[in-house]
Structure formats: C-alpha cells, structure tokens
Amino acid sequence: MLLEKTVLIATEKPFSEDARNAAVKAMEESGLKVRILEGYKSQQELLAAADGVHALIVRSDIIDQKVMDAFPNLELIVRAGAGWDNINHIYAEQKGIVVEPTPGQNSNAVAELAYEMMLMSIRPLNGKKGNELKGKRLGIHGFGNVGQIVARLGVAFGMDVRVYDRFLDERKAKEYGVTVVTSTEDLYKNSDIVSVHIPSNNETNKSISYELLKLMPANGILVNTARAEVINEEGLLKVLKERPQFKYATDIAPTAETKAVMEKEFKDRTIITPKKQGAETDEANYNAAVAAAHQCCDFLNNGIVLYAVNNPLPNGIRAYAVLAQALGRFNKVIGGAPGKIELTCHRDLAKYKEQIGQYVLKGLFEEDLGRELTPTSARESAKERGIEVIYRNPDPRVLHNLSLDITYFDQSGKPYEISGRVDNGELQITRIGEFKQIIPIRPLECVLTEYAEQAGMADRIGNVFTQGGYNKANGGFRQNNQRDKAMVFFQVEPVGTPVKEVKAVVQDILKLPGVLNSYYVNMK
Ligand code: 3PG
C-alpha cells in the first residue's frame, strides 16, 4: 500500500471556514490526510505539529530554518498568497523542500483594497468635502498580477495611469492603455497617488525613500498594500513631517516605533489597518486555499511542480545545479547574448535535465537583470527573450562521467562549447571553446585569455597581470588540438594593493600582439 501523505494547514491567521473546508475536501478526496492548526499563538505550537507532515499550507506564517528542521518529512510548502518572503526558500532548497506560492489567487482582493485606501484618503467619510479619483494621475509601482488589476480599475475610474516596473512587458502595458515610465523618479514625480505593488527582497527593501517620496506633489498619497519592508520608514516620516498634506495608507503595519509616531503625529493623514488585510476576503481566501490544496494534490500524488520558486534536487545531484549556474555565467561573459542553448546531461543527470537547464539560464540572466531569479522565472525569462533550450541525448557510444556539456549559440548562430563536472566535490570547468582547460569553480574572479600560440606568450600575459599588482601563480594553461592557439587562465589575487583594476588589466592584455580574446569572469 502506498504511504498516505499528510498535509498540515498551519495558519496563524485562519482562512475563512468555507475556504478551509473546500481545501480539506479537495485534498481528502484525492487521498491525502489533512491536519489543521489554526490561529496558533507561538512557533512552539507549530513545531509540535510537525510529525508525519509531508506538505504545509501557510499564509504569512514564518517558515524559517528552525521550522523546517522540525518537520522531518516535509517535501512541499505552499504559501497561499503571492509573495514567499516569509519562507526561507533558499534553506528549503538545500533541504530538498519545494516552495510554491499561489500566484494571482488573491490579486483582485489586494487591488480592491488599494482603491478602498485611495478613496478613504481622498474622500474620507467624515462629513467634509473630498476629491475624486477621476482625472488624477495614478502611478503604479510594480506591474505584476495585482498592479495589472489596479491599472485596469484606474482606467475605469478615468484616472491618468502610468506604470513603472523594472521588468515591464511593454506589450502588456499597452494592452491596458497605460503610460509606461522608465524610472521610479519619473513615476513618483508625475503621480498624485502612487500605489505600491512590488515584492520584498534584498533589492526592493527600503527602496521607497525620502528622495523618491519628496518628488511627489505636496498633497501626494502613497498607498502600500505590498510589503512594509519596501518603505524607508525614516524617509516616509520625514515627508509626512515636511508636507502637511501628504498621506499614507497601508494594511501592513510599519515597525512599532514608526506606527507610534504616525498615530501620534499624523493620525488624520495615515491609515494603518489593525491587521494585514490584502487577502482578507472570502473570495481570495477561497481561491488561494483551494489553489494551494490542488497544488498539494498535484505534487504529493503526481510529483507535479507548478509554481516552484526554488528547485531542490536530490543530494548527489545538487552540486550540478550550482555547476550549471556557473557555466551559464561563463557562457554569458564569453559568448555574449545567447540565441539558443543545447544541453547534454550525462548519466543520472539526464533525469534532471530540465531543472539543470533552468540553472544554466539563471547563470545567464541573473547578473544582467540584477536580481535573484528563481529557476522557474529564469525559464520564463528565456521564453520572453525567445531563447530556445534543447536537451540533447548523450551519445551512447561514448562513456561519460556525470557531467554537463553546453553548446551555446550566440545571436549570429556561432557555437561555443563549455563543459563541466564535479570531481571529488570540486566543481570544475573541463572545456571552454576549443580548450580542454580544467578550471576549478570557486567563488573567485579570474581572467581568461585566448591567444595565437607563440613562444613566451603565457609569460608575457602573466607579466601584464603582475604589473597590475596581481599574483600570476594561480592559474593554468592549455593548447587546442591543433596547437596553434592556447588559453591561459589566472585567478585574480592581488599582491598587496593592486595598481590597476582587473578590468583595466584585461584591456592591457588585449593590446598584446597575438592575443585573440581576454575575459574577466567574476564567480563571486
Ligand atoms: C500575498 O502575498 O498574497 C499577501 O501577502 C497575502 O497574505 P496573507 O494571506 O497572509 O494575508
């Protein structure tokens, strides 16, 4: 008999009863066992419920390392909501636990709340005269599922809607009839009301600063139904102080100190709901809880991963994801913008080729985009750019170790080969272009130089390196098969204070006669 899998619905802030019952019903009907821990008051209660649980459904509950360590059988965490910043998804990945949100399920509830807050701010029900939304300039900061609904409603209200999103799909924005702006400065400067719809992460936290807010009109309104962390609270308080008409509305409480100041000094111009309320409608609860339930059924019964934001691989295979990402990063530096990628995963890696492919894409795009990508979003980025990933079957006549071969085609179709393996726990590049060069992949910077083979060339390149103030001792050298070209690689290791920046040293190397290419690769 198959092991019966158990799902724990652990919600500090419970779903509505209907939503929870529908979720339980869907899971029980598919053969899963369901346990419920609602309205719990301490993490201890959550830890105590850990035994025998294979999947967790949570809301804004904090799922950190301690919680994950307490759940010995955990395979999946579904966050019934849009963001996943309350879940340590990186630690989950290390433990082999899949993390999935339920994108889009409560977007409408959040968008409607944003309007409720706009209306309460612009036309409070206090017997006094107010203003209308019609004709006002609405700035939408973040054009994801919620931002898009806010845009549609803004147009319906007759507002002049502009949007900013770093990763904006312009085509989509046009369909909505909104103006796209290319900087947050432009957005805040030209909006009477700004509605925030960005996630909380290292890059966005505290990004809504004093400098940005003071660009808004003196009687500007900031509505935040996204995350408290994205606001620089000191900056916001300063603006509220300097601008006696500026207003702030949110359903995610700022820190206790900030909240106290707002309540004391700016009570008439701030709205802070007693609890986080964006997803607090029966409809949103129902949609998110039932979607979470179906995602648990898909995963636990059929191994289907729908919206994973991480990509756990089994123990011996995980290092190859890191390797794939490093190879993707090398490809980007050496081959430029990709047109197509062909990937061969040898031996047992073949089973995980799609996941490994996503890590190659992560390595390719992450640096350019300047943000962390989930494996799934890396795949989406490739799709948006029309980059095709082809999974080749290994040649059965050739015996390979566990290793990866990537052929990377640039925009003009020119191929570039790169291969890698994990040797005794060390991640290595084993081939770059026509060179069978072994380069250990460590969190380091290195300079790779290709040149037309001639006596003393590696030394001359090394000397430029030394003159720049770097140690040339750590590196390697390899000729191609025809022995007419070679590649030398140096690890960037300054001797004392370097005389030159490493990128300037690369420029000097490129000036040497016979050098074909020189690249700086940062693997940190
Ligand atoms: C979301 O990410 O969808 C919202 O933050 C909802 O959170 P909640 O379900 O904890 O209210």
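**Why these words fit this model**

Tutor: Strand β19 (residues 445-452) and strand β22 (residues 515-522) pair in the antiparallel sense, and seven bridges join them. This is a predicted model, in which local features need pLDDT of at least 70 and side-chain atom pairs count only at pLDDT 80 or more, while totals for chains, interfaces and linings use all residues. Residues are numbered from 1 along each chain as its sequence is written, and side-chain values use heavy atoms, with hydrogens and water left out.

Student: What makes β19 and β22 a pair?

Tutor: Two strands pair if DSSP finds at least two bridges between them, and here there are seven bridges, so the two strands count as paired. Within this pairing, Y451 stands opposite V515 in β22. β19 is also joined to β21 by seven antiparallel bridges, and there the partner of T449 is V488.

Student: What makes a stretch of chain a strand or a helix?

Tutor: Both are DSSP runs numbered from the N terminus, a helix being H or I over at least four residues and a strand being E over at least two. Counted in this way, the protein chain has 17 helices and 22 strands.

Student: Why is P498 called partly exposed?

Tutor: A residue is buried under 20% relative accessible area, exposed over 50%, and partly exposed in between, with a 1.4 Å probe and protein chains only. P498 has a relative accessible area of 31%, which falls between those cut-offs, and therefore it is partly exposed. P498 sits in the loop between β21 (485-491) and α17 (502-511).

Student: Is K206 buried or exposed, and how do you know?

Tutor: Its relative accessibility is 56%, which is over 50%, so K206 counts as exposed. K206 lies in the loop between β9 and α9 (210-213), and its phi is positive, about 65 degrees, although K206 is not a glycine.

Student: Which residues of β10 are buried?

Tutor: In strand β10 (residues 221-224), I221 and V223 on one side and L222 and N224 on the other are all buried, and both faces of the strand are thus covered. Four bridges join β10 to strand β9 (residues 193-196), running parallel, with V194 opposite L222. Four parallel bridges also join β10 to strand β11 (residues 247-250), where Y248 is the bridge partner of L222.

Student: What makes the crossover from β10 to β11 right-handed?

Tutor: The chain goes from β10 through helix α10 (residues 233-242) to β11, and this β-α-β crossover is right-handed; that is, with the strands pointing away from the viewer, the path from the first strand over the helix to the second runs clockwise.

Student: What makes the contact of R79 with the ligand a polar one?

Tutor: A polar contact is a pair of N or O atoms within 3.5 Å; within protein, one must be able to donate a hydrogen and the other to accept it, and residues adjacent in sequence count only if both atoms are side-chain atoms. An N or O atom in the side chain of R79 is 2.4 Å from an oxygen atom of the ligand, which is within that limit, so the pair qualifies. A backbone N or O atom of A82 likewise lies 2.6 Å from an oxygen atom of the ligand.
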